[in-house]
Amino acid sequence: MKHGKRPPEHHHSRVLIIGSGPAGYTAAIYASRAALDPLLVQGSQPGGQLTITTDVENWPGDSSVLGPVLMARMEEHARHVGAEIVSDMIEEVDLNAFPFSARGESGTRYTADTMIIATGASARWLGLDSETRYRGAGVSACATCDGFFFKDRRVAVVGGGNTAVEEALYLTNFAEKVFLIHRRDELRADRTNQARLHSNPKVEMVWNSEVTEVVGDGRVVSGVKVRERTSGAVSQLDVAGLFVAIGHDPATSLFRGQLHMDDEGYILVEPGTTRTSVPGVFAAGDVQDKHFRQAITSAGMGCMAALEAERYLAAQSPHAIATEEAPIESADGQVSALCD
């Protein structure tokens, strides 16, 4: 090895968990309790989307808890039961060779006998400064999470697909009135959803229009400005909430070409499991769930993934699992042990 050049640090684990939302932390807790000594890489946003959420009122056992507080408790729990948690961002993975490997932004190399992918998904936003300003104060991307806060109030939904229609219909359970704003003159949602929408007296369509500004008093939303795309005329809808339902992007680009995915980039798993198209690789939470996208369902899938990883490892021949004594070659040609 040349003087002054240090080989990248290397960690080997029986279970490598990528992602630190409810799915990742729950997987770490269950894998630790199964004595699998998991290593969890937190990613760029430790705690996931809940760290930018204010009040969470649908987490069992807590009538109300701040999102960042809930995630800090999950991290503390995972550490308490023995999970190793590192602050790094995975930039590259290789699922075509055994053991599976990943490289972090830090230069650290991670190898593992099994991998649990819990990198989550992020909502698409309109890209307005005012939208960002009122996020969590009237602007939301989840009706199931926040609809209850708008009981007997007027709200607006942006979008034209099945998600937008379903969000609008869900909100009619609470809101006095729901405006559905769509930039075209025809919805993309399926006919059944459209029929349900148009038959609901609480819903009013706002066609050929786009939101240009979220209006408020600096603390909470009081309305949205809408521009009609044909005439250019701008009007204001007096609403207490804006729900953006224009889609989500699963954080799966790292695994493209290595795992089976659907057209939207969600990882495909065997029905009723977290097993992906590569044996020993599991996917939990929003990376594979486009329907529910709830903290509680993600946590449940994290539990499933850890239990399935344990069963997978138990079924393997001892000779198929990399051990501490198995040497590897580091990036600069030096031989090192798999574990520190």
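**Exercise 1. Helix H1**

How many of the 12 residues of H1 are buried? Work this out on the predicted model, then find what the buried residues pack against.

*Solution.* Begin with the extent of the helix: H1 covers residues 22-33. From its first C-alpha to its last, this helix reaches 17 Å, close to the 16 Å expected at 1.5 Å a residue.

Next, take the accessibility of each residue, with under 20% relative accessible area as the cut-off for buried. By that test 10 of the 12 residues of H1 are buried, and the helix is mostly covered. Among them are Pro-22, Gly-24, Tyr-25, Ile-29 and Ser-32.

Now look for the partners. The buried residues of H1 pack against two helices and several strands, including helix H2 (67-80), helix H7 (295-315), strand E1 (10-18) and strand E8 (109-117). Strands E2 (39-41) and E5 (84-86) also belong to this set of partners.

Finally, step past the end of the helix. Just after H1, Ala-35 has a positive phi of about 60 degrees.

**Exercise 2. Strand E7 and its neighbours**

Identify the strands that pair with E7, and describe the connections.

*Solution.* Start with E7 itself, residues 100-104, where four of the five residues are buried.

On one side, E7 pairs with strand E6 (residues 90-94) in the antiparallel sense, over four bridges. One position to check is Glu-92, which stands opposite Arg-103 of E7. E6 and E7 make a hairpin, with five residues between them.

Then turn to E8. E7 and E8 run antiparallel and are joined by four bridges. Here Ser-101 has Thr-111 in E8 as its bridge partner. This hairpin has four residues between the strands, and Gly-107 takes a positive phi near 95 degrees in it. Strand E8 links back to the previous exercise, since the buried residues of H1 pack against E8 too.

**Exercise 3. Aromatic rings and charges**

Which geometry does the pair of Phe-98 and Phe-100 have, stacked or edge-to-face? Then look for other aromatic groupings and for charges over rings.

*Solution.* The ring centres of Phe-98 and Phe-100 are 6.0 Å apart, with 75 degrees between the planes. Because planes over 60 degrees apart count as edge-to-face, this pair is edge-to-face.

Compare the surroundings of the two residues. Phe-98 is partly exposed at 40% relative accessibility, whereas Phe-100 is buried at 4%.

Widening the search, you should arrive at five aromatic pairs. Phe-148, Tyr-170 and Phe-174 make up one aromatic cluster.

For the charges, find Arg-135 over the face of Trp-125, 3.9 Å from the ring centre. Lys-177 likewise lies over the face of Phe-179, at 5.6 Å from the ring centre.

**Exercise 4. The disulfide**

Which cysteines form a disulfide, and what is the handedness of the link?

*Solution.* A disulfide is a covalent bond between the sulfur atoms of two cysteines, so the first step is a search through the cysteine sulfur atoms, with 2.5 Å as the cut-off. The whole structure yields one disulfide. Its partners are Cys-142 and Cys-145, with sulfur atoms 2.2 Å apart.

For the handedness, use the angle about the S-S bond: at 70 degrees, the link of Cys-142 and Cys-145 is right-handed.

Last, check accessibility. Cys-142 is buried, at 16% relative accessible area, while Cys-145 is partly exposed, at 31%. Cys-303 can be checked in the same step: at 17%, Cys-303 is buried.

Technical notes. Residues are numbered from 1 along each chain as its sequence is written. This is a predicted model: local features need pLDDT of at least 70, side-chain atom pairs count only at pLDDT 80 or more; totals for chains, interfaces and linings use all residues. Side-chain values use heavy atoms; hydrogens and water are left out. Rings of Phe, Tyr and Trp (its six-membered ring) pair if their centres lie within 6.5 Å; planes under 30 degrees apart count as stacked, over 60 as edge-to-face and the rest as tilted. Buried means under 20% relative accessible area, exposed over 50%, partly exposed in between (1.4 Å probe, protein chains only). A charge sits over a ring if NZ of Lys or CZ of Arg is within 6 Å of the ring centre and within 35 degrees of the ring normal. The expected span of a helix is 1.5 Å times one less than its number of residues. Contact means heavy atoms within 4.5 Å. Two strands pair if DSSP finds at least two bridges between them.
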